[in-house]
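Here's a quick briefing to read alongside the fold on your screen. Keep the viewer open and click along as you go.

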Amino acid sequence: MTPFIIAPRPSEPSGHDRISHQSLALMVQDVLTTMLELPHHALNGSPATDVPDQLMAAVRVSGSWQATLQIYAPEQLARRIACAMFAQATDVLDDEDVLDAFGEVVNVIGGNVKGMIDQDCTLSLPCVGAARPDPTSTSLMIMYDVCGAPLTVELIQA
């Protein structure tokens, strides 16, 4: 197994049920480019754990194939995402708008992940709160610089 592929559980069917690093990166880039129109570029390395005011949004894919998709960003970037999503100025949006927009981003990416799985699966509602990245050995992680702030996307197979 390569470190860039998350495979289904060994007892489950294999084949088309794999999410590659490249596939996940394309899903994230599509959201950043098409849906939000925010400038971004890929980052290498490990996620920073000392980012103040970090938010996390997560969705869970459940069923024959299971995984959790988590995204992390400083509150400032989440607010910028909300401004782009709702086409509003920063001072017009409240904290609930910011959390809703950040949850919608993980929901869209999670829906794309679920769509790539050729098995019966469901997608949970997004959950948003304060958290920091905690990479695991089974996670697929990509990072972007979005408007000068880090965005970390982590797909963890359960």
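Let's start at a turn: β4 and β5 are joined by a hairpin, with three residues making the connection. Bear in mind that this is a predicted model. From that hairpin we'll go along β5, into the core, over to α2, and finish with a few loop residues.

**The chain as a whole**

- You're looking at a chain with three helices and nine strands.
- Read from the N terminus, the order of elements is β-β-α-β-β-β-α-α-β-β-β-β.
- The chain has 158 residues, and 43% of them count as buried.
- Take the contacts with a separation of 6 or more: 66% of them are between residues 24 or more positions apart.
- About 8100 Å² of the chain is exposed, and 51% of that comes from carbon and sulfur atoms.

**β5 and the strands beside it**

- The hairpin partners, β4 and β5, run antiparallel and are joined by eight bridges.
- If you want one pair to click on there, try Ala57, whose bridge partner in β5 is Ile71.
- β5 also pairs with β9, again in the antiparallel sense, this time over six bridges.
- A handy marker for that pairing is Ala67, which stands opposite Gln157 in β9.
- How many of the residues of β5 are buried? Eight of its eight are, so the strand is mostly covered, given that buried means under 20% relative accessible area.
- In a regular strand, side chains alternate between the two faces of the sheet.
- Here, one side of β5 has Ala67, Leu69, Ile71 and Ala73, while the other has Thr68, Gln70, Tyr72 and Pro74. Both faces are covered, and every residue in those two sets is buried.

**Zooming in on Thr68**

- Thr68 sits in strand β5, which spans residues 67-74.
- Is Thr68 buried or exposed? Its relative accessibility is 17%, and the cut-off for buried is under 20%, so Thr68 counts as buried.
- The side chain of Thr68 makes a polar contact of 2.9 Å with the side chain of Arg60.
- Which residues does Thr68 touch once its neighbours within four places in sequence are set aside? The contacts are Ala58, Val59, Arg60, Glu154, Leu155 and Ile156.

**The nonpolar core**

- The largest nonpolar core has 41 residues, and those touching the most other members are Leu24, Trp65, Phe102, Leu151 and Leu155.
- Which elements give two or more residues to this core? They are the helices α1 (21-35), α2 (75-86) and α3 (95-116), together with the strands β4 (54-63), β5, β8 (139-146) and β9 (149-157).
- α3 supplies the largest share of this core, with seven residues.

**Helix α2**

- α2 is 12 residues long and spans 16 Å from its first C-alpha to its last, close to the 16 Å expected at 1.5 Å a residue.
- Its buried residues are Leu77, Ala78, Arg79, Ile81, Ala82 and Cys83.
- Cover for the buried residues of α2 comes from elements including β4, β5, α3, β8 and β9.

**Loop residues to check**

- Right after α2 comes Ala87, in the loop between α2 and α3.
- The phi of Ala87 is near 50°, a positive value in a residue other than glycine.
- Ala87 counts as exposed because its relative accessibility is 65%, and exposed means over 50%.
- Cys147 is another residue other than glycine with a positive phi, near 55°. You'll find Cys147 in the loop between β8 and β9.
- How exposed is Cys147? Its relative accessible area is 28%, so Cys147 is partly exposed.
- Pro39 belongs to the loop between α1 and β3 (40-43).
- Leaving out residues up to four places away in sequence, Pro39 touches Asp145, Val146 and Cys147.
- Pro39 and Gly148 are 109 residues apart along the chain, yet their C-alpha atoms are separated by 8.8 Å.

Technical notes
Residues numbered from 1 in each chain as written. Predicted model: local features only at pLDDT ≥ 70, side-chain atom pairs only at ≥ 80, totals over all residues. Heavy atoms only, no water. Helix = DSSP H or I, 4+ residues; strand = E, 2+ residues; numbered from the N terminus. Buried < 20%, exposed > 50% of the residue type's maximum accessible area, 1.4 Å probe, protein only. Polar contact = N/O pair within 3.5 Å; in protein donor to acceptor, adjacent residues only side chain to side chain. Contact = heavy atoms within 4.5 Å. Core = buried A, V, L, I, M, F, W, Y, C linked by side-chain atoms within 4.5 Å. Expected span 1.5 Å × (residues − 1). Pairing = 2+ DSSP bridges. Areas by Shrake-Rupley, 256 points an atom, 1.4 Å probe, with all protein chains shown as cover.
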